[in-house]
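User: I would like a close look at a single part of this model. Please keep the answer connected and plain.

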Amino acid sequence: MSDTEKNAAAGAQEEAVESPDVHFEPIVKLQDVEVKTHEEDEDCIFKMRAKLFRFDTQGVEWKERGTGDVKLLKHKENGKVRLLMRREKTLKVCANHYITSDMVLSPNVGSDRSWVWNVAADLVEDEAERQLLAIRFANAENATKFKEAFEEARETNLSLTSDANPAQEESEDEDKEDDKEDAEASKDAEESKEEEKD
């Protein structure tokens, strides 16, 4: 290659580099779309990175559900706490259920950084399924923090349901009293009719 060809090639490269004002108009204009996560009405009371597993009863083995942030979310209006976990990058839900009084965290065999619990209705993929779940954290300290937050959430939900039950019991008692009064009134009406006949 001659010197003039080299100089011409170098000049072309410099010319291409010197024009950073290149602008292309998009063919299609896209509008912003509002995406709802259904977490807007909830406050995050706990958030930590973990790996979630589910027990496959057919294969009799643990299968990985995903790695991501596990959150405990408290609803702003009713105060109930639920557990929600989304996979990293795809943000697909891998765990979604309310924490109920029958959920007890038990240590996983031979590990101080993982917990196992039963879920009566885990709402993943739009259908409720009974699952045995296990969650593993990076270290034992994080696992202990999760257990404390989980237990506190369970107590919160238990107190909400026990607060609702006395009101329900009172209304049931009032209904029973009303039924008794109605029964007594109808009995009195029947007795008065019998007296009129005599």
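In E7, which residue is the bridge partner of Leu52? Please go on from there to the strands around it and the aromatic residues.

Analyst: This is a predicted model. The bridge partner of Leu52 in E7 is Ile135. That contact belongs to the pairing of strand E1, residues 42-56, with strand E7, residues 127-136; the two run antiparallel and are joined by four bridges. Ile135 is also the bridge partner of Trp115. This second contact belongs to the pairing of E7 with strand E6, residues 114-124, where nine bridges join the strands, again in an antiparallel arrangement. Ile135 thus has a bridge partner in Leu52 and another in Trp115. As a general point, side chains in a regular strand alternate between the two faces of the sheet.

E6 and E7 make a hairpin, with two residues between the strands. Glu125 sits in the loop between E6 and E7, and its phi is positive, at about 60°. Glu125 counts as exposed because its relative accessibility is 59%, where the cut-off for exposed is over 50%. The C-alpha atoms of Glu125 and Ala95 are 9.6 Å apart, with the two positions 30 residues apart in sequence numbering.

Next come the aromatic residues. The structure holds six aromatic pairs. Phe46 and Phe146 form one that is tilted, with 5.8 Å from centre to centre and 55° between the planes. Phe46 lies in strand E1 and Phe146 in helix H2, residues 140-197, so this pair ties together parts that are 100 residues apart in sequence. Phe46 is buried, its relative accessible area being 10%, and Phe146 counts as buried at 0% relative accessibility; the cut-off for buried is under 20%.

Phe146 forms a further tilted pair with Trp117, at 6.2 Å centre to centre and 45° between the planes. Because Trp117 lies in strand E6 and Phe146 in helix H2, this pair ties together parts that are 29 residues apart in sequence. Both Trp117 and Phe146 are buried. Through these pairs, Phe146 of H2 is linked to E1 by Phe46 and to E6 by Trp117. Phe46, Trp117 and Phe146 belong to one aromatic cluster, which also includes Phe137 and Phe150.

To bring the two parts together: E7 pairs with E1 and with E6, while Phe46 in E1 and Trp117 in E6 each form an aromatic pair with Phe146 in H2.

How values were computed. Residues are numbered from 1 along each chain as its sequence is written. This is a predicted model: local features need pLDDT of at least 70, side-chain atom pairs count only at pLDDT 80 or more; totals for chains, interfaces and linings use all residues. Side-chain values use heavy atoms; hydrogens and water are left out. Two strands pair if DSSP finds at least two bridges between them. Buried means under 20% relative accessible area, exposed over 50%, partly exposed in between (1.4 Å probe, protein chains only). Rings of Phe, Tyr and Trp (its six-membered ring) pair if their centres lie within 6.5 Å; planes under 30 degrees apart count as stacked, over 60 as edge-to-face and the rest as tilted.
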